[in-house]
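Please find below my notes on the model, set out as numbered points. They are meant to be read with the sequence and the coordinates open alongside.

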Amino acid sequence: MVSEGGTATATVTRWSRAFVAAGVGFFLAWHVAVAIGLPRTATVPLGVFGFVLHVVFGKAYTLVPSYFARELAVPHAPAVHLPFALFGTVATFAAATGIGPPTLAVVGATSWFVGCLVFVVVLCWTVRDNPTGRETGTGTTDTHRVRVDRLANAAVPVVLAYLLVGSALSPAAEIGLELPGLPANGAAATHVFAAGTAALLVFAIGFRLLPRLLTASARPPLVAIVLLAGVAGPALLAVDFRGGSLFHAGAGLQATALVGFAVAVVDLSRRSDRRRVGHWAIVAAGGCAALVAALGLAFAFVPASTLPASAFDAHYRLAVGGFVGLTIVGVTYHFYPPAVAAAPGIGDRTASASIAALVVGLGLEAGGLLASVPPLVALGRLLAVLGAALYAAVLWTIFLERAR
């Protein structure tokens, strides 16, 4: 007989996997949309909402409760959330490309907000008696990690706050409502999601996951610096986007967090004796984080006239596809090892090929954008599409086999 707890866990796991599977599909769609030349207003929903946040939602439903020594309070919450997230993403993308009625943007933004509300309310209710994550669920063999685990947990409520604020900005902007002290819809609002939700959660979850995946210990002072900078930076960027001193301070803090994370990843990799297939994707993500930081500082402190207009595209692609994207690719290959796939042609070699294509493709594309070499950009985007297709083939194959 299956226990009630076992049934609840199985439900959360199944719907978590559905979120990740959807995110993988959006990852491929995002790369294709960029390759065929759709505008950034249309591709951002696919990359940030569709890929990054769908995967974040899926894994957070399983990881966050366990990191707070709790079980998800409402096991069917992911099943309720997923349709709102899917529709919100697709509708926002369609509205940005001019498909559908004028009201589609409002409906899509509202759907996305409702889904985020489900996510935030359920996780907050789950950890209501352990809001700062002092109880970490850390095993007895990992007691030396408790300090880092508590630091990482303390950042999670801030992630949820950024998500709730960011998801409220779009529907508010669509109906012409300005929220006092908060940015309007656009690049500033996107940074609330990308830097405040996605990047900060990568820092927080990363400092719990990566030391265990790479069998090395993170250095607590570096973890504290990254998390504190990662908490404050996005807020300053958003409230004074492309403005004055607050924007400069936010850019400096965000760059500190990104570079600190890159240093931590390299340090963990150097001291690790484990070399699984996703390892080099995580290391490459750290390199992309440093590049994103450098470009962000350039936007804040270098005159705009001296930078190519395409530098913003390079920043966006390296941030979403490189820093966050490659981290997700590397971590998912640890959670879902390609070697377990039974289908012919799917395994570690396919996974390694997907990582190589993504890394080389993003590198060529970013270099081509910064140097204004269109053929290099086109080649890089084609390679990135190939890498995303291989990644989708590996993950979807594993998911299908596990569903049988």
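1. Ser372 counts as exposed, because its relative accessibility is 51%, where buried means under 20% relative accessible area, exposed over 50% and partly exposed in between, computed with a 1.4 Å probe on protein chains only. Ser372 sits in the loop that joins α11 to α12 (374-403), and although Ser372 is not a glycine, its phi is positive, at about 55 degrees. As background, most residues other than glycine have a negative phi.

2. On provenance, this is a predicted model, in which local features need pLDDT of at least 70 and side-chain atom pairs count only at pLDDT 80 or more, while totals for chains, interfaces and linings use all residues. Residues are numbered from 1 along each chain as its sequence is written, and side-chain values use heavy atoms, with hydrogens and water left out.

3. Confidence is expressed as pLDDT, the predictor's confidence in each residue on a scale from 0 to 100. The protein averages 90, and 95% of the residues score at least 70. Confidence is highest in helix α11 (residues 348-371), with a mean of 96, and lowest in helix α6 (residues 187-213), with a mean of 88. Helices here are DSSP runs of H or I with at least four residues, strands are runs of E with at least two, and both are numbered from the N terminus.

4. Helix α6 deserves a careful look, since its 27 residues leave the end C-alpha atoms only 34 Å apart, short of the 39 Å that a straight helix would reach at 1.5 Å a residue; the expected span is 1.5 Å times one less than the number of residues. A bend of about 45 degrees is found in α6 at Gly206, the bend being the angle between axes fitted to the seven residues ending at a position and the seven starting there. As for its surroundings, α6 is mostly covered, with 22 of its 27 residues buried.

5. Thr215 comes just after α6, in the loop between α6 and α7 (220-239). Thr215 is not a glycine, yet it has a positive phi of about 50 degrees. With a relative accessibility of 32%, Thr215 counts as partly exposed.

6. Helix α2 (residues 40-67) also falls short of the straight-helix value, spanning only 35 Å between its end C-alpha atoms where 28 residues at 1.5 Å a residue would span 40 Å. The bend in α2 is about 45 degrees, located at Ala60, and 24 of the 28 residues of α2 are buried. Ala69, which follows α2, has a positive phi near 60 degrees.

7. For α3, by contrast, the span agrees with expectation, because its 20 residues should cover 28 Å at 1.5 Å a residue and the end C-alpha atoms are 29 Å apart. Buried residues of α3 include Leu82, Ala85, Gly88, Thr89 and Thr92. After α3 comes Gly98, with a positive phi near 85 degrees. Thr97 belongs to the loop between α3 (77-96) and α4 (104-126) and is partly exposed, at a relative accessible area of 30%.

8. How do α6 and helix α8 (residues 245-271) pack, in angle and axis distance? Their angle is about 25 degrees and their axes are 12 Å apart, which makes α6 roughly parallel to α8. Axes are lines fitted to C-alpha atoms, for helices over the stretch in contact, and angles run from 0 to 180 degrees between N-to-C directions; angles under 35 degrees count as roughly parallel, over 145 as roughly antiparallel, 65 to 115 as roughly perpendicular and the rest as oblique. The crossing of α6 past α8 is left-handed, a label used if the near helix is turned anticlockwise from the far one by less than a right angle, with right-handed used if clockwise.

9. Helix α8 also packs with helix α9 (residues 279-301), at about 160 degrees and with the axes 8 Å apart, and α8 is therefore roughly antiparallel to α9. Helix α9 in turn packs with helix α10 (residues 311-335) at about 155 degrees, with the axes 8 Å apart, so that α9 is roughly antiparallel to α10. The crossing of α8 past α9 is left-handed, and α9 passes α10 in a left-handed crossing.
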